[in-house]
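Here are some short exercises on folds and aromatic rings, each with a worked solution. Have a look at the model first, then try each task before reading on.

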Amino acid sequence: MEEKIQRKDVRKQDKTLKEPNGLQTLVVREFELADKQEIQRIFYEGLMEMVADTAFRGLRHHPECLLLYTAMTVISFAITMCWWVIGLLPAIILCGRYFYSRRVIRGYLEYAMSRDMGDIERFYMKSPGSCLWVAVLEKKVVGVIAAVSQQKPGGSVELQRLSVDQNYRRCGVGMALGRKVLEFALAHKYSAVVLGTTAYSPAAHQLYHRLGFRCVEITNGHITPGARWSLLERIFYRVHHHHYSLVLEKSKITSNGQH
């Protein structure tokens, strides 16, 4: 799969990739062993971006947490009768959210590296109904995505591991990778493509909507694989898990990614 990205198109996306001829060639191809190190780097960096996203941006999506933290502040003030508690405790709470978000996400990173991301060829390339692709821009791996058969009634395939190098975002890389999974699903006669995400970043959800997905369910208090789920983690780490679905029987994939 190849796409020509013109300089003027890149400019529309608020991102300019500088090349002497003003033309970029984006290729989405299947994984090769030589890609492994770059894929793991992109996956690691993308996952660690979730720390601040979960700790800070995610806070406003959880009113129950805000009520809990407010109650903690009021009770602490009532016990100590110290005004500085009003200013200090919120800072401690934010630090706690960052610390436990980082610990849970690093735990999930270790979990992923011990499974599919540590043995990509066996998990994706040798498993029926699964595949992993990379996006290559001028011989540089800039993105990754995978598809995994659900082996459940309904014949769905799950979109996984979508991540784009932060230096090449807003260039259409995510759209090209997403369309590759949809083409794979159609070619293998799956009835639907599903995905799950705990991201709060608007850009991630906008991409899924542009690809034609719709959010069918939101799970509050999702337990992230690799989490210890201690009392403090329950207090400081809490995420929504967004479930997206795209029914392929009602979709038509065109060259520009519209459905």
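**Exercise 1.** Find how many helices and strands the protein chain has.

*Solution.* Take the DSSP runs, with helices as H or I of at least four residues and strands as E of at least two, numbered from the N terminus. The protein chain then has eight helices and eight strands. This is a predicted model, where local features need pLDDT of at least 70, side-chain atom pairs count only at pLDDT 80 or more, and totals for chains, interfaces and linings use all residues. Residues are numbered from 1 along each chain as its sequence is written, and side-chain values use heavy atoms, leaving out hydrogens and water.

**Exercise 2.** Classify the ring pair of Tyr69 and Phe236, and place both residues in the fold.

*Solution.* Step one: rings of Phe, Tyr and Trp (its six-membered ring) pair if their centres lie within 6.5 Å; planes under 30 degrees apart are stacked, over 60 edge-to-face, the rest tilted. By this rule there are 10 aromatic pairs. Step two: the centres of Tyr69 and Phe236 are 6.2 Å apart with planes at 20°, so the pair is stacked. Step three: Tyr69 sits in helix H3 (residues 63-80) and Phe236 in helix H8 (residues 231-236), so the pair ties together parts 167 residues apart in sequence. Step four: Tyr69 is buried (under 20% relative accessible area, 1.4 Å probe, protein chains only), at 5%; Phe236 also counts as buried, at 10%.

**Exercise 3.** Do likewise for Tyr208 and Tyr244.

*Solution.* The distance is 5.3 Å centre to centre and the planes are 55° apart, giving a tilted pair. Tyr208 belongs to helix H7 (residues 202-211) and Tyr244 to strand S8 (residues 240-247), so parts 36 residues apart in sequence are tied together. Both Tyr208 and Tyr244 are buried.

Definitions and conventions
Buried means under 20% relative accessible area, exposed over 50%, partly exposed in between (1.4 Å probe, protein chains only).
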